[in-house]
Amino acid sequence: MGRAYQNRKESMAKTAAAKTKVYSKYGREIYMSAKSGGTDPDGNLSLRGLIDRAKKDQVPSHVIEKAIDKARGGAGEDYSPARYEGYGPGNCMVIVDCLTDNPNRTFGDVRLAFTKTKSKIGTPGTVAHMFDHSAIFAFKSDDEEAVLEALMEADVDVTDIENEDGLITVFTPNTEYAKARQALVDAIEGIDFEVDEIQFLPKTTTVVEGDDIPMFEKFLDMLNELDDVQNVFHNAELPDQ
């Protein structure tokens, strides 16, 4: 699958000013995970993974604890997931994942980002079939065979595994996330994930060039400025990539 996935997911932490957005993003995700799967990270592997990622992104402990406490108390916002698909500048394919407490507002905001950049928002399923919804784990290790064996013993459906300069990357279907993560934690003492998340990986890429490049950047900026937007995935290939 290649490490191109690193360029297909827009970073929310490009500048210091984006830190508040990152904290809010993780706060919502942790709250939703704890509310749906339980507040104990040992019993909720998705929550444990989220907390680990949040710490790597330097989210303060009080933000994490507040989100879990809110879920434990049963109070707080009632967020629900929302996913929007369509075609961005240069006819690239785009998936926008949101968590919202007001779906009508969120849809209006996301649609505005599409229309303001000559893009086209579609119906559910418009482009999702052209992406693989995958769990991705990357960590330092030289023993690819031992990693694969551990995953197979845990009955994990491995889509792909790569070893590049001592960095192993494992791809599994998104539904295998918790099982795969636990198998890796059990098999490799002190494992330190460099990547530990679920993404939409494009099966093909679309070259974006010329006047479409600044429009594409404006499109991404507009989406990332929206509080409800959690992640933006795309298949755009820019000239400098």
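**Exercise 1.** Is aspartate 52 buried, exposed or partly exposed, and what is its relative accessible area?

*Solution.* The structure is a predicted model, in which local features need pLDDT of at least 70, side-chain atom pairs count only at pLDDT 80 or more, and totals for chains, interfaces and linings use all residues. Residues are numbered from 1 along each chain as its sequence is written, and side-chain values use heavy atoms, with hydrogens and water left out.

Step 1. Buried means under 20% relative accessible area, exposed means over 50%, and partly exposed lies in between (1.4 Å probe, protein chains only).

Step 2. Aspartate 52 has a relative accessible area of 32% and is therefore partly exposed.

**Exercise 2.** Identify the salt-bridge partner of aspartate 52 and place both residues in the chain.

*Solution.* Step 1. A salt bridge is a side-chain nitrogen of Lys or Arg within 4 Å of a carboxyl oxygen of Asp or Glu.

Step 2. Aspartate 52 meets arginine 181 in such a bridge, at 2.5 Å from N to O.

Step 3. Aspartate 52 belongs to helix H3 (residues 45–56) and arginine 181 to helix H7, so that the pair links distant parts of the chain, 129 residues apart; helices (H or I, at least four residues) and strands (E, at least two) are DSSP runs, numbered from the N terminus.

Step 4. Arginine 181 is buried, with a relative accessible area of 4%.

**Exercise 3.** Compare the settings of two further salt bridges, those of aspartate 69 and arginine 83.

*Solution.* Step 1. Aspartate 69 pairs with arginine 72, their closest N and O atoms being 2.5 Å apart. Because these residues are three apart in helix H4 (residues 61–73), about one helical turn separates them.

Step 2. Arginine 83 pairs with aspartate 97, the closest N and O atoms being 2.6 Å apart. This pair links distant parts of the chain: arginine 83 is in strand S1 (residues 80–87) and aspartate 97 is in strand S2 (residues 93–100).

Step 3. Arginine 83 is partly exposed at 39% relative accessibility, whereas aspartate 97 is buried at 15%.

**Exercise 4.** Describe the sheet that contains strand S7.

*Solution.* Step 1. Four strands form an open, antiparallel sheet in the order S5-S6-S4-S7; two strands pair if DSSP finds at least two bridges between them.

Step 2. The edge strands, each pairing on one side only, are S5 (160–164) and S7 (193–202).

Step 3. Nine bridges join S4 (residues 131–140) to S7, and aspartate 132 has leucine 201 in S7 as its bridge partner.
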